[in-house]
Amino acid sequence: MPPYLRISRLTKKFGGFTALDDISLEIAEGEFVCFLGPSGCGKTTLLRAIAGLDIQTAGRIEQNGRDISALPPTKRDFGIVFQSYALFPNLTAAKNVAYGLQNARTPRAEVARRVSELLEVMGLSAHGAKYPAQLSGGQQQRVALARALATSPGLLLLDEPLSALDAKVRVHLRHEIKQLQRRLRVTTIMVTHDQEEALTMADRIVVMNLGAIEQVGTPLEIYREPASPFVADFIGVMNFVAGTVVGDRAVRLGHTELACELDGLAAGTEVTLAIRPEDIVVHEGRATEPNTLTLRVDALAFLGSLFRADLVGDASDGVFLRADLPVDLIRRRGIGEKSMLSVLLPPDRIRIYPGSTVHR
Amino acid sequence: MRLFIGVIGLYLVAALALPLGLMLAKSFEGPREEFVGLANYVRYFSTPALFQSIGNSLWVSILSTLITVPTAFVYAYALTRSRIPFRGFFKTVALVPILVPSLLPGLALVYLFGNQGLLKAALLGHSIYGPIGIVMAEVFTTFPHALLIILAALALADARLYEAAVALRASRARIFWTVTLPGARYGLISATFVVFTTVVTDFGAPKVIGGQYNVLATDVYKQVIGQQNFQMGAVVSVILLVPAIFAFLVDRAVRRRQVALLSARAVPLEPKPQPLFDLAMLAYCVVVGLALLSIVAVSQFAAVVKFFPYNLTLTWAHYDFDQKGGGGWASYYNSIRLALLTSVVGTFVVFVGAYLVEKARGFALGRGLFHFLAMLPMAVPGLVLGLAYIFFFNAPGNPLNVLYRTMTILVINTIVHFYTVGHLTALTALRQMDPEFETVSASLKQPFYRTFWRVTVPVCLPSTLDIAIYMFVNAMTTVSGVVFIYGPKTELAAISVLNMDDTGEIASAAAMAMMIFYTNVAARMLHLLLARWLERRTQAWRRR
């Protein structure tokens, strides 16, 4: 099946600054895709190029088999929700939703029916006659969503739609939007800088940095197998330690040799070893297994459901790792600051990146 | 959209850029329209009677600025930083000078300090006709303009800064110098330049009370009306443009910096009661308020008595304008027509123009040029604009020649003359709207004019009313812009004031000036009622 949206070799320059650098991407019909990255990475520029708001400098965009590269926004098929919602302040919620439906061809009764249906879906039936200023942030957000969906667009664009809301409402709406998108099967692109939002909502995540795509993948792929140190660092928490390749399947880290997957890096290559705090396992009792390090607890931070421990090696090897330890383990073993721990770094959980730049 | 920008842009070009350009060209021409290079300028600067006016203009402008700005600052300080009662009333009183032509304070000062004036002795033998009178009249005229700017600057105060200063045990004087003044400094600079420009370009006050003291603005008038020397009038106009444009540029630069200061979210300051300080401030406001009101009161009193202050028998004789030197009652009705037309047409043109500049996408060069033309009138004195109109519209080859001496040309001129403030008001209102409204509409397949009509106009309605009343009031009071281009059938009330003063009918001049005042007061009240009514009808969404 051909992709619903095909972006080929898209470049956008603002004067001398390259905001998008040769972006290619395909999105399937009904997919929920998140553009994720730090501010200034180009994710909003890409969204605006897809909407026709900032026409690209070079490259091509096809939607549903149609070349839309040069079309103005009015000629494209999309609905959009902004961070500010951009609700018309002088129109009621119902009139905002009706805004795109009102034209000479649609009978009034038909418009009214569609509006009340959308308000119903959004749980806003009681609020149709209210003005935006009289609605809560979450309600305003839903009105904006209803307005964008009213014309049944083929593509829904969400530009940081949740970042103006407080945490509780945000989590709730995340779920609601995802449900709605599943039900309507509308192809959706959401721009966000919030990794948790992307991980929980997206079918696929496009991680962007400095105007280029770093990695495209499912949330699990992005988290478990980050393609670059940037992705590894941007998504979740990651330990980075500098090391040197010493054999076919081993890396030296301070005084210790660790087994891991090397992907054919030659011996002597400087590498960065990465492992997530939750993948570090504490041995019960004395350990003699391979891939074990003996480290001292330098600090313990209580995070509610677990402890995060800062673990350090002796001064000469400079190893520093953060590990997530179960509350129960800490209590049972009486672990405190200055305790010595034997920790296992499972070979299949270690990722190796060429180069020795240690990210923190 | 480009078409609309083009149409309004063309209006600004024809009504502003071309006339000014032609005037500049005229300053390099001799009496038979031959090119003479800088000869006119050389003659200007070698005629002491002419170039002395530059010094005179600068002197009265600097003096007026030095008096007005501190006076207005203390007044604004009292209104924002003390707990004096009747703050609304004091603010209203201070805005009275906006509603009268700048000829009026001159007339009142003649009654008070003139050769037969009540308080002549107070001048210790000096004559009111000259710099003293000009400065007094200008302080009256510019006071509300300075006050409004400084009030806006002081209103921005962040209470947290004051709390931080108090927590650091700073003394009151130290807080004033380190928090209050720096916070208001852009407002003070802006007020300084606005006052300076207004005085340097004002024609009304020096005309009425300047006597033999020549300034640039009266020189333009004398060259054109008195000596029919249009080329020299153009030279003086160009010279008059220099300080005005300089002040305008500095003011723009300063205002741009103030925007950055505004961005942080501040906690509004609530002044605490301080009995002694509050009392002093109240006394100050009463004194300043009385001074302002007395100017208006004297004019009104003089207009209804036989011969102020010697024969105080009440009489309506001075209102028999048809028998006096001016344009009679017809000029008053002309003024109302001009004000209404300017207000309606001007608001429409200005608002649509600002909308196009702000919301159109692409076409950056055209929009930039348009914006420049919209800002230019602020720097162009009315007399200069009027003289430029003579050159442009009276040129034999110009098809627009038919407009000369009609009401239409007065409307065109007045809209352009007061274009900038309306443009800025509209821009401010438009910029407060979410920039994504147009995007959302485009995604909903709605044409831009539908969003303009259903969302932009209703949301900006209060601002458009503000532009309308501003245009109305200024069209009623302006003299300088129209004094060269009115015709026998289109004489205006403010021009009548000028002409009756010229023929010695001072009481009638004062009576007519007060008619302008009452008309403006009525217009303002109507504006207030209309705004309230419209707010109830169309701004329900602003209430939570």
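Start with chain B of this predicted model: its mean pLDDT is 88, and 97% of its residues reach 70 or more. Next, select residues 260-264 of chain B, where pLDDT stays under 50. For this stretch the model has two contacts beyond four places in sequence. Where pLDDT is low, the predicted coordinates should not be read in detail. The model as a whole scores ipTM 0.73 and pTM 0.83.

**Chain A as a whole**

Now show chain A alone. Its C-alpha trace spans about 80 × 45 × 40 Å along the principal axes. Colour chain A by secondary structure to find nine helices and 20 strands. Of the 360 residues in chain A, 39% are buried. Take the contacts in chain A between residues at least 6 apart in sequence: 65% of them join residues at least 24 apart.

**The six-stranded sheet**

Select β6, β7, β8, β3, β9 and β10 of chain A. Listed in that order, these strands form an open sheet with mixed pairing. At the edges are β6 (79-81) and β10 (212-217) of chain A, each of which pairs on one side only. Direction ignored, neighbouring strands of the sheet are turned by 15 degrees against each other on average.

Begin at the β6(A) edge. Three bridges join β6(A) to β7(A), and the two run parallel. To see one of these pairs, pick Gly79(A), whose bridge partner in β7(A) is Leu156(A). Then add helix α4, residues 137-149 of chain A, which packs on the sheet and touches β6 and β7 of chain A. The direction of α4(A) makes about 170 degrees with that of β6(A).

**Strand β8(A) and its neighbours**

Move on to β8(A), residues 187-192. How many of its six residues are buried? Six of the six are, and the strand is mostly covered. In a regular strand the side chains alternate between the two faces of the sheet. Turn on the side chains here: Thr187(A), Ile189(A) and Val191(A) point one way, while Thr188(A), Met190(A) and Thr192(A) point the other way. Both sets are buried.

Which strands pair with β8(A)? One of them is β3(A), residues 32-36, in the parallel sense over five bridges. Here Val33(A) has Ile189(A) as its bridge partner, and Ile189(A) is one of the buried residues just selected. Another is β7(A), residues 155-159, which also pairs with β8(A) in the parallel sense over five bridges. On this side Leu155(A) stands opposite Thr187(A).

Now add helix α5, residues 167-184 of chain A. Together, β7(A), α5(A) and β8(A) make a right-handed β-α-β unit.

**The five-stranded sheet**

Leave that sheet and select β15, β19, β16, β17 and β18 of chain A. In that order they form an open sheet with antiparallel pairing. The edges are β15 (281-282) and β18 (320-326) of chain A; each has a single partner strand, so one side of each is left without a neighbour in the sheet. At the β15(A) end, two bridges join β15(A) to β19(A), residues 340-344, and the two run antiparallel. Pick Val282(A) and Val343(A) to see a pair of bridge partners there.

**Where the chains meet**

Finally, show both chains again. Across the boundary, 19 residues of chain A are in contact with 17 residues of chain B. What kinds of residue make up the side of chain A that touches chain B? They divide into 12 nonpolar, seven polar and no charged residues.

Note on methods:
Residues are numbered from 1 along each chain as its sequence is written. Chains are lettered from A and ligands numbered from 1 in the order in which they are written. A residue is buried if 20 or more other C-beta atoms lie within 10 Å of its own, exposed if 12 or fewer, and partly exposed in between; C-beta atoms are placed from the backbone. Helices (H or I, at least four residues) and strands (E, at least two) are DSSP runs, numbered from the N terminus. Two strands pair if DSSP finds at least two bridges between them. A crossover is right-handed if, with the strands pointing away from the viewer, the path from the first strand over the helix to the second runs clockwise. Two residues are in contact if their C-beta atoms, placed from the backbone, lie within 7 Å. Ala, Val, Leu, Ile, Met, Phe, Trp, Tyr, Cys and Pro count as nonpolar, Asp, Glu, Lys and Arg as charged, and the others, Gly among them, as polar. Axes are lines fitted to C-alpha atoms, for helices over the stretch in contact, and angles run from 0 to 180 degrees between N-to-C directions. pLDDT is the predictor's confidence in each residue, from 0 to 100.
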